[in-house]
Amino acid sequence: MKDHLVRILSKDGSLRAMAAVTTGLTETVRRKQGTDPTATVALGRLLAGAALMGSLLKGDQRLALMIEGGGPLQRLHAETDAHGHLRASLKNPVADLPPKDGRFDVAGAIGRAGFLHVIKDLGLKDPYRGMVQLYTSEVAEDLAYYLTTSEQVPSTVALGVSLETDGRIGASGGFMVQAMPGCDEALLPLLELRLQGLPPTTTLLQQGQTPTAILEQLFEGIPFTVQGEIDLDFRCGCNRPQIEAVLKGVGQDELQEMIEKDNGAAVTCEYCKEQYLFSGEELEAMKPNA
Ligand code: ZN
C-alpha cells in the first residue's frame, strides 16, 4: 500500500478525523538515520504524528514537531508541509534499551521528563510556537495532550510502528479524531469505546486495511464526507544555499579553522544525509568581511 493520508469530516461538522499509512516513509527514515529498533519505533511514531497534524496545512505552510527528553535519543524532529512531504531526524539513533513488558521502551528511550515543541510556519511574520511537558513520552498521548490543552481541540491520537525480525518496518501509521466546537457530547464516549475496541493500528495496517477502511469502522453510523486524500513521501528539501547560510552563521573564527585544518568543509544534512562539500576558497568568500 502506497503511503497516504485520508481526512474526513462528519456531515454535521462536529468531528474531524485523519488516518495515515507511513510504512515506506518510516523505512526510508530508518535507513537514513541508522536507528536501532526502539529508536525506529519512537521516531516512526513522531513521523506518523507529523503526517496527521500536517494534513491541516495549506499552501506554503509547514509544521515541525520536536521532542526533547532526558532519555538516550535526546532530541527527535519530524517535519512536514501541506503537500505530504516529510522528513525526520534524531540526535542519537541508538536507544540501546531492553524491551519493557514485551514492548519497545519508547518512553525510556525518549525519557519521561522533557518537552514537546510544535512549530508552525503559517506564512506569518513569526512562526507559531507551542510547547507542553511530555505526558507519557509514548508520543501519541503527548500529541493528544498538546492538541487538547494547548490548541484546545479535544483529540485522540493513535500511532503505531511494528518491525520485522530483521528490523525493517512491518507497518507504520496512525489515526487521529478531533472534536470540533459544538460537538455532540454523546458522540465522544461512543468513539472512545470504538477506539478501545479496535486492534492496534499496526495490526489493522498489516491486515491490509486502508486508512479509509479504518475511518469507516470508527465512524460507523456517523455520516461523513472525505475532505482530502494525499500521498505521503520522503522529501528533504535541503539545498546548497541553505547549507551555505548555516556555514556563514558559524562565524569568522570557525570558518578560518576549517580552512587551515581541512582547506574546506563537508557538511552532512541531518535529515537526508546528503553531503555538501565546500572548498577552502568558498569558505574564504563566506567570511563576514570577505
Ligand atoms: Zn537534506
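# Briefing: zinc site, salt bridges and helix packing

With a relative accessible area of 13%, E79 is buried in this structure, which is a predicted model. The side chain of E79 meets that of R87 in a salt bridge, with 3.1 Å from N to O, and R87 likewise counts as buried, at 12% relative accessibility. The points below turn to the zinc ion, the salt bridges, two helices, a surface patch and some backbone angles.

**The zinc site**

- Four cysteines supply the protein donors of the zinc ion, namely C236, C238, C269 and C272, each through its SG atom, and these donors lie 2.2 to 2.3 Å from the ion.
- The site of the zinc ion is tetrahedral, with angles of 103 to 117° among its 4 donor atoms; for comparison, the ideal angle for four tetrahedral donors at a metal is 109.5 degrees.
- Along the sequence, the donor residues follow the spacing C-x1-C-x30-C-x2-C.
- Of these donor residues, C269 and C272 are both buried.

**Q33 and its surroundings**

- Q33 belongs to helix α1, which covers residues 23-33, and it counts as buried because its relative accessibility is 7%, where buried means under 20%.
- Although Q33 and C272 are 239 residues apart in sequence, their C-alpha atoms are 8.2 Å apart in space.
- Leaving aside residues up to four places away in sequence, Q33 touches L43, A88, S89, L90, P93, E270, Y271 and K273.

**Salt bridges**

- The count of salt bridges in the model comes to 11, and in general, side chains of opposite charge can pair when their charged atoms come close.
- E27 and R31 form one of these salt bridges, in which the closest N and O atoms are 3.3 Å apart; the two residues are 4 residues apart in helix α1 and so are separated by about one helical turn.
- As background, an α-helix has 3.6 residues a turn, so residues three or four places apart point the same way.
- The two partners are covered to unlike degrees, since E27 counts as buried at 12% relative accessibility, whereas R31 is exposed, with a relative accessible area of 56%.
- E27 and R31 are also linked with R30 in a network of salt bridges.
- R240 and E282 form a salt bridge whose closest N and O atoms are 3.0 Å apart. R240 lies in helix α8 (residues 240-249) and E282 in helix α10 (residues 280-286), so this pair ties together parts that are 42 residues apart in sequence.
- R240 counts as partly exposed, at 28% relative accessibility, and E282 is partly exposed too, with a relative accessible area of 34%.

**Packing of helices α1 and α4**

- Helix α1 is mostly covered, with 8 of its 11 residues buried, and these buried residues are T23, L25, T26, E27, T28, V29, R30 and Q33.
- The elements that cover the buried residues of α1 include β2 (15-21), α2 (37-54), β5 (85-90), β8 (155-163), β9 (169-179) and β11 (233-234).
- In helix α4, which spans residues 140-149, the buried residues are A140, D142, L143, A144, Y146 and L147.
- Those buried residues of α4 pack against α2, β3 (62-69), β6, β7, β8 and β9.

**A nonpolar patch on the surface**

- L122, L124 and Y128 form a nonpolar surface patch, and together they have about 270 Å² of accessible area.
- Within this patch, L124 is found in the loop between β6 (114-121) and β7 (128-133), and L124 counts as exposed because its relative accessibility is 59%, exposed meaning over 50%.

**Residues with a positive phi**

- Most residues other than glycine have a negative phi.
- D101 has a positive phi of about 50° although it is not a glycine; D101 is found in the loop between β5 and α3 (106-110) and is exposed, with a relative accessible area of 75%.
- Q152, also not a glycine, has a positive phi of about 55°; Q152 is found in the loop between α4 and β8 and counts as exposed at 64% relative accessibility.
- A glycine, G34, follows α1, and its phi is positive, near 60°.

Definitions and conventions:
Residues are numbered from 1 along each chain as its sequence is written. This is a predicted model: local features need pLDDT of at least 70, side-chain atom pairs count only at pLDDT 80 or more; totals for chains, interfaces and linings use all residues. Side-chain values use heavy atoms; hydrogens and water are left out. Donors are N, O and S atoms within 2.8 Å of the metal (3.2 Å for Na, K and Ca); water is not among the atoms, so sites may look incomplete. Four donors count as tetrahedral if all angles lie between 85 and 135 degrees; four count as square planar and six as octahedral if opposite donors are over 155 degrees apart and all others between 65 and 115; anything else is irregular. Buried means under 20% relative accessible area, exposed over 50%, partly exposed in between (1.4 Å probe, protein chains only). Patches are made of residues with over 30% relative accessible area and no salt bridge: like charges are joined within 9 Å, nonpolar side chains (Val, Leu, Ile, Met, Phe, Trp, Tyr) within 5 Å. Accessible areas come from the Shrake-Rupley method with a 1.4 Å probe; for residues, only the protein chains shown count as cover. A salt bridge is a side-chain nitrogen of Lys or Arg within 4 Å of a carboxyl oxygen of Asp or Glu. Contact means heavy atoms within 4.5 Å.
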